[in-house]
Amino acid sequence: MIKLEGVTKKFPGMEKPAVDDLNLEIKKGDVCVLVGPSGCGKTTTMKMINRIYEPTEGSIYIDGKDALKMNPIKLRLDIGYVIQEIGLFPHMTIEDNVSTVPKEKKWPKDKAMKQVNEMLTLVGLDPEIYGKRYPSALSGGQRQRVGVARAMVSDPPIMLMDEPFGAVDPITRAKLQNEFLRIQERIGKTIVFVTHDIDEAIKMGDTIAVMREGRLIQHDTPSDLLSSPADEFVSNLVGRNRSIKRLHLIRIHEILGEFDRPTPATEDMALHEVKKRIDESDIRSVMIVDRDNKLKGIIGINDLKRKTGAVAADIMQELDQSVTSDATLNDALSVMLEVGEGYVAVVNEDDQYQGTITLGDLLNVVKEEG
Ligand SMILES: Nc1ncnc2c1ncn2[C@@H]1O[C@H](COP(=O)(O)OP(=O)(O)O)[C@@H](O)[C@H]1O
Ligand SMILES: [Mg+2]
């Protein structure tokens, strides 16, 4: 789908090329992550694919066609581009921000609006609520979602994403990553994703291209990169704790079925029943759900001892955090460390309870994989 052949970029006055004889092939529907230290040429590579920069040497093919012979304006309209939040126009509403490409493509207004609304919904922003707001009225995470919606709105086959989730806190970042992977499963775009964070690369990539000083050092699947780094630079980049890094490669739903956890209790369940559930459990607590199986809280053995009430809802504690089942084991670990508990509840997209993951479960996985 995207093929770079001997691509070199020299900027005037620079001694070394920013990108040096790069050969890289990205398959249709794959996410290829460019990773490497700051200044190694990731952004330059990306900007040559949509011809913001012209290569000094080499060829770029998109779908077998010579990209350097295409009309660059047209080419860019068919390549979604997401960058850190600076990408949004502050004086334009969210709706207008997302409809810039449809406008340039001169789509009829109703077709554009329908698509804009669909995209905002897809990234989890209700168009009724957010459409008429300005970027400054949104959180960092929400602005990033708008950026993604804008890049996807004209359904381009290719997306370029340059550190798209770099500007938000780690938990929001993990959420955005998971949401994006969920969307990608559905839309199957060919994506070039830039990051300097190897953990993000391992999580997001079907393949990872490690760059250093303008050169491609290794292009492999995350699993191969971890098990057989091409040289010392790559092995330092992936770091010492490779078995822990594998937690990035495993999604919670892949292991959730393996554990015997108590059935959750309902909010209206009598406390002696709740106690029975806890006694059956190896984690000395039980999750509380409502009639739709939505997660409401947790009751631990100490809550039963210290508090009084008739039913579960009277004494349950709210949960600070949960994770979705398509999050990685590493996301689960991050949440446990953040809230300082040895477990985390797992829910689906509708907040319905799916199970519980404990620190012990993660240790077992690391041991097995190690
Ligand atoms: N427009 C430009 N003019 C001159 N030098 C540039 C330009 N853009 C990038 N560079 C240089 O090219 C090298 C690679 O930069 P870049 O591709 O932005 O790296 P990365 O995205 O990996 O951090 C750096 O040394 C940078 O200073
Ligand atoms: Mg960059």
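Let's start at a strand pair: β4 (residues 57–62) and β5 run antiparallel to each other, joined over two bridges. Within that pairing, I62 sits across from K65 of β5. Keep in mind that this is a predicted model.

Zooming out a little, the pair belongs to an open sheet of four strands, ordered β2-β1-β4-β5 with antiparallel pairing. The edges are taken by β2 (19–26) and β5 (65–66); each has a single partner strand, so one side of each has no neighbour in the sheet.

**The chain as a whole**

The chain has 370 residues, and 39% of them are buried. Its secondary structure adds up to 18 helices and 16 strands. If you want a bounding box for the C-alpha atoms, reckon on roughly 75 × 55 × 30 Å along the principal axes. Of the contacts with a separation of 6 or more, 63% link residues 24 or more positions apart.

**A covered strand and a covered helix**

Next, strand β6, which covers residues 79–83. Four of its five residues are buried, so the rest of the structure largely encloses β6. Its partner is strand β7 (residues 158–162), and the two pair in the parallel sense over five bridges. In that pairing I79 stands opposite I158 of β7.

Helix α7 (residues 140–152) is mostly covered too, with eleven of its 13 residues buried. Among the buried ones are R143, R145 and R150, along with V146, V148 and M152. And what does the covering? The list includes β6 and β7, plus the helices α3 (94–98), α4 (100–104), α5 (109–122) and α8 (170–187). The length of α7 checks out as well: at 1.5 Å a residue its 13 residues should span 18 Å, and the end C-alpha atoms are 19 Å apart, which agrees.

Here are the two elements side by side:

| Element | Residues | Buried |
|---|---|---|
| β6 | 79–83 | four of five residues |
| α7 | 140–152 | eleven of 13 residues |

**Two domains and where they touch**

The domain assignment splits the chain into domain 1 (2–250) and domain 2 (253–369). Taken over C-alpha atoms, their centres are 35 Å apart. Domain 1 puts 13 residues into the contact, and domain 2 puts in 16 residues. On the domain 1 side, α8 and α12 (242–245) each supply at least two residues. The largest share there comes from α8, with six residues. By class, that side of domain 1 has seven nonpolar, three polar and three charged residues.

One residue of α8 is worth a look on its own: E185. Is E185 buried or exposed? E185 is exposed, because just 9 other C-beta atoms lie within 10 Å, and the cut-off for exposed is 12 or fewer. Its C-alpha atom is 30 Å from that of S59, and the two residues are 126 apart along the chain.

**Around the ligand**

Which residues surround ligand 1? The shell consists of F11, M14, A18, S38, G39, C40, G41, K42, T43 and T44. Sorted by class, that makes four nonpolar, five polar and one charged residues.

Technical notes
Residues are numbered from 1 along each chain as its sequence is written. Chains are lettered from A and ligands numbered from 1 in the order in which they are written. This is a predicted model: local features need pLDDT of at least 70, side-chain atom pairs count only at pLDDT 80 or more; totals for chains, interfaces and linings use all residues. A residue is near a molecule or strand if its C-beta atom, placed from the backbone, lies within 6 Å of it. Ala, Val, Leu, Ile, Met, Phe, Trp, Tyr, Cys and Pro count as nonpolar, Asp, Glu, Lys and Arg as charged, and the others, Gly among them, as polar. A residue is buried if 20 or more other C-beta atoms lie within 10 Å of its own, exposed if 12 or fewer, and partly exposed in between; C-beta atoms are placed from the backbone. Two residues are in contact if their C-beta atoms, placed from the backbone, lie within 7 Å. Two strands pair if DSSP finds at least two bridges between them. The expected span of a helix is 1.5 Å times one less than its number of residues. Domain bounds come from an automatic or database domain assignment.
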